[in-house]
Amino acid sequence: MVTQFFGLKLRLLANLFRRSPWQVVGLVVGLLYGLGVAITILVALITLRFVGDVSLIRDSLVVAGSLVVLGFLLIPIVVGIDDTMDPRKFAFLGIPNRSLSLGLAGSALIGVPALTLSIMLLGTVITWSRGVVETLLALVSAVLVLVTCILLSRVSASLAAFLLSTRRSREFTGLIGVVVLVMLSPVVVVLLGTDWGRHGRALLGTVASILGWTPLGAALAAPGDASTGAWGTAILKLVIAAASVYLLWLIWEVVVARMLVSPGREAAAKQYSGLGWFDRMPHNTVGAIAARTFTYWARDSRYWVSLIMIPIVPILAILPLSIAGVPLHYLALVPVPLMCVFLGWTMHNDVAYDSTAIWLHVASGTRGLADRVGRLIPAAVMGIPIIGIGSAVSISVYGDWTVLPSMLGVSTCILLAGLGFSSYTSTRFPYPVTKPGDSPFAQPQASDTASALVQSLTFVGSIVVALPVFFLAYLGMTDDPIWHLHALGAGIGIGLLAVVVGIWFGARRFDRSGPEMLASALRA
Amino acid sequence: MPLDSESDDESVADRSTESKAARDVHPNVVDQPEGQPATIKPAASTPTVRKPAVRKPAARKPVAGSVGTAAVAKAAASKTSGAKTAAARTTVPKIVAPQTTEETAAVTPPETAVAPATLAKPTARKPPARKPAVRKPGVRKPTVAAPTTVKPSSAFASSLANSATDETTRPYATRDALEGGLQAAARTAKIASQVPADAQTEVEQQTEAEPQTPPRTPSTAVPKVVQTTPAKAAPKAVPTTAATASVVPVSAAEPAPIVIEARGLIKRFGHKVAVSDLSLTVRAGSFYGIVGPNGAGKTTTLSMITGLLRPAAGTVTVHGIDVWKRPNEAKRVIGVLPDRLRLFDRLTGAQLLYYAGTLRGLDNDTVRARSADLAAAFGLDDALNRLVADYSAGMTKKIALACAMIHSPRVLVLDEPFESVDPVSAVNVTEILQKYVAAGGTVVLSSHGMDLIQRVCDHVAIIVQGRVLAAGTVDEVRGQNTLEDRFIELAGGRKVAEGMEWLHNFSD
């Protein structure tokens with residue numbers, strides 16, 4: 001039974017290579033990268049066998065290893081991976097629960113994560129091979145760690161598949177992901193702010209000693225403890241690790257048994273009333289399209305992710321710069337233009353987000369102009385407060401109000417140019433995105449180099465168009481403040497020109513090749 | 001699908017009226033009644049045998065007795081819808097014709113007479129005006145040509161209609177074929193939903209029954225009736241030929257204008273040829289079914305007709321407008337229900353309808369009014385404020401169908417409109433479509449339901465491997481067989497499963 005599952009998993013892996021050449025290339029690069037990292041770590045662990053402070057090595061390994069174990073637990077939930085070995089797929093085969101559980105868990109050993117983990121664990125065995133008994137102990141704990149990780153990921157993937165089976169909860173993982181990201185930034189700050197030289201060692205020791213007694217780190221701590229002579233705690237931790245593996249196995253069996261008889265769950269549908277945005281917008285084609293875009297921004301998690309990124313990106317950009325010692329005075333000028341870049345860029349693949357629903361526009365003969373303008377209205381509306389309020393706040397921090405016109409000009413130009421580019425590229429170069437209803441982190445299979453090119457071109461394009469405005473603003477700051485007013489005028493002028501040209505080309509393209517856009521959505 | 005017979009019957013006569021009449025009469029009487037002239041009679045004898053098994057005998061009998069009265073009544077009742085339908089479909093004429101002489105007069109006023117008998121929704125429909133133009137010419141001629149012959153057939157047809165209608169349709173009878181509007185349909189829907197159990201069972205029974213009787217009288221056209229009769233009666237009898245002959249000229253006489261004309265369509269996907277040199281002609285007022293095995297190119301063809309998929313070669317004109325040269329004008333007259341494409345499902349049902357209507361250029365008030373009507377007609381009232389993403393498959397299909405109709409297009413192109421739609425809704429949808437056709441609209445739909453197509457459509461095309469293997473009226477295509485048999489024959493025949501004996505030796 002187990003061998004058949006192995007065979008199945010191998011076949012599934014092999015089929016990964018039966019896609020388009022570019023995907024295979026990407027896959028191979030990814031694999032090589034993972035393997036490279038694993039081998040580097042392996043080498044590092046082997047060297048640790050011969051050098052370094054034993055307790056320091058132990059503490060670091062415990063902390064790092066615990067993070068890895070935690071990753072196996074969390075990543076399937078947050079990312080919501082498509083589980084090819086979902087127990088429910090075997091529900092109709094009538095396999096006894098125990099063999100099925102064993103087979104599924106065993107087959108998880110075949111796979112990139114398990115392979116890289118095994119390589120690294122092999123390293124830890126060598127690190128702790130400081131005697132026969134120690135080596136044996138290290139070997140046992142390595143196996144325990146491997147089994148723990150596999151079982152954890154199986155359980156969490158299954159739970160995720162079960163809990164996230166409804167559309168709403170699946171989208172919610174998108175929010176979780178973003179929240180995690182936001183929560184990580186203060187952690188990063190704290191970590192960066194810590195005086196590692198003085199308190200680092202102590203902090204590491206404390207964290208490691210705590211983790212060492214939890215199922216996360218027990219197996220990793222045992223051989224280290226043994227090597228430092230603490231045989232008692234080593235055995236105790238090994239018992240903890242073994243017990244948690246057994247517990248996990250029981251949980252896994254229950255989960256499998258449970259999933260075989262639970263096809264999924266139904267979420268209660270939410271009731272809305274009225275037409276929402278459609279009531280608030282003009283009752284014509286442009287208004288309806290704009291209202292639809294607004295509605296989607298509010299209801300579709302794929303948009304949430306890109307929209308939430310807009311305020312987060314400046315933070316992420318400023319943090320390292322401020323740590324690197326760039327004065328806040330200048331940093332204050334960064335966020336608003338940066339947010340405008342992202343806001344304009346958000347729309348660069350807008351048609352692809354509709355997926356095949358775009359047929360409605362094609363079948364109804366919607367005018368390209370109406371479509372283009374309607375889609376841009378929400379972004380433009382959103383840009384007004386960002387530019388207006390954002391610039392005011394920025395400049396008040398910066399402290400020199402003469403710069404305000406430049407700030408407004410540059411931001412407006414970037415946003416409008418971005419929207420102009422987006423207007424054209426979204427009809428001309430739609431590339432596959434996450435499908436409606438999928439987790440926002442479930443990346444589409446077919447992302448090739450073309451899409452990366454489109455992404456970077458639209459991103460850089462708006463900045464390039466705004467370069468003259470940047471130059472005028474620079475003159476204003478270094479030469480004569482009067483240049484700031486020119487920057488404002490130039491920014492609005494260039495921006496408007498860019499957006500009009502973009503919309504015009506986009507509309508023409510839309511009118512001519514609606515069926516091609518639909519075809520590309522179908523291929524995605 | 002549920003009401004097979006009913007749809008067919010409509011054209012012939014109004015169910016409600018007839019059914020009553022039919023019921024009163026007794027089964028055995030059936031064939032002999034009118035006298036189908038000498039020719040036909042022979043056939044009549046046979047029919048008796050068959051009928052009992054399949055359909056409710058009672059219904060048919062009426063023919064004899066009812067023929068005169070019933071037929072007229074039916075004609076009247078069926079009134080507009082029936083008449084129009086008939087007219088529209090070339091075939092129909094025959095039926096009408098016979099009665100025409102006598103009935104024509106009756107037809108106009110008929111409501112009165114009918115109303116009492118029928119349940120009553122006799123609200124008259126305007127349509128009458130229309131019928132005359134289209135149909136009459138065709139119809140009458142036959143009358144003249146072979147009056148005697150025809151009559152019987154018509155009577156027979158009506159009887160059949162009755163039979164089919166009466167028991168089966170009963171629940172639905174309430175909803176009158178008469179009333180045109182969606183509201184009527186909506187009402188029906190409600191009624192139907194109230195009586196669902198019985199109705200459905202009945203329907204199902206009937207459905208099952210039908211296949212057995214190969215020569216089913218398609219509701220549609222007279223010709224069918226004629227042919228059918230002979231078939232039933234006895235294997236092709238002389239009369240048949242005669243009848244057919246008389247009929248044919250009629251239908252050929254005045255073909256309706258061509259609405260959809262596809263010429264030499266070609267589409268390849270990679271190395272696979274999905275559609276190769278496919279031509280299709282659909283005339284105004286037809287209810288055109290497209291059938292074909294999986295992967296035959298039905299969806300591809302319909303997509304090319306509706307401007308969703310650019311053909312590699314070939315032309316498509318809809319109402320004389322080249323779809324691929326003047327897409328925006330062409331798209332205005334087409335309503336589309338694509339298969340397997342997403343909807344903007346983060347919108348609520350109401351929002352989606354509003355969106356679809358607005359994109360089609362309707363103004364605010366019109367969209368709202370029509371949305372309400374459509375929601376009522378499709379039984380979606382309760383679902384309008386939920387996200388389309390949370391709809392079941394059938395509801396999604398219905399809301400998409402509503403979106404296709406909201407701009408009252410001249411042509412509806414529907415890809416698998418009944419897939420995963422429940423029987424009650426399917427009946428409603430069918431009825432809405434039939435009324436739409438009766439009012440001069442044209443419907444092209446694809447389906448895997450042979451029964452449905454045979455019952456509902458007047459024309460059919462069988463597409464296999466990207467080519468049209470057969471096209472024409474349903475009767476022409478199916479000949480003496482059921483459409484299903486004909487289809488299977490064309491699509492490569494039944495595969496005899498050999499070497500599957502192990503399947504019959506159960507593992508435990």
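**Entry 1: the contact between the chains.** I looked up the contact first and found that 33 residues from chain A and 34 residues from chain B take part in it. The model is predicted, and I read every entry here with that in mind. On the side of chain A that touches chain B, I noted helix 12 (285-299), helix 17 (359-363) and helix 23 (514-523), each of which supplies at least two residues. Helix 12 of chain A gives the largest share of that side, namely six residues. By residue class, I recorded 15 nonpolar, 14 polar and four charged residues on the side of chain A that touches chain B.

**Entry 2: chain B as a whole.** I listed 22 helices and 10 strands for chain B. Of its 508 residues, 63% are buried. Among contacts in chain B with a separation of 6 or more, I found that 80% join residues 24 or more positions apart.

**Entry 3: strand 7 of chain B.** I then turned to strand 7 (residues 411-415) of chain B, where five of five residues are buried. In a regular strand, side chains alternate between the two faces of the sheet. I checked the directions here: B:Val411, B:Val413 and B:Asp415 point one way, while B:Leu412 and B:Leu414 point the other way.

**Entry 4: neighbours of strand 7.** I traced four bridges between strand 6 (residues 334-337) and strand 7 of chain B, which run parallel; B:Ile334 has B:Val411 as its bridge partner. Strand 7 of chain B also runs parallel to strand 8 (residues 442-446) of chain B, with five bridges joining them, and B:Asp415 stands opposite B:Ser446. Finally, I noted that strand 7, helix 19 (residues 423-438) and strand 8 of chain B form a right-handed β-α-β unit.

Definitions and conventions. Residues numbered from 1 in each chain as written. Chains lettered and ligands numbered in written order. Predicted model: local features only at pLDDT ≥ 70, side-chain atom pairs only at ≥ 80, totals over all residues. Contact = placed C-beta atoms within 7 Å. Nonpolar A, V, L, I, M, F, W, Y, C, P; charged D, E, K, R; others polar. Buried ≥ 20, exposed ≤ 12 C-beta atoms within 10 Å, placed from the backbone. Pairing = 2+ DSSP bridges. Right-handed = clockwise from strand over helix to strand, strands pointing away.
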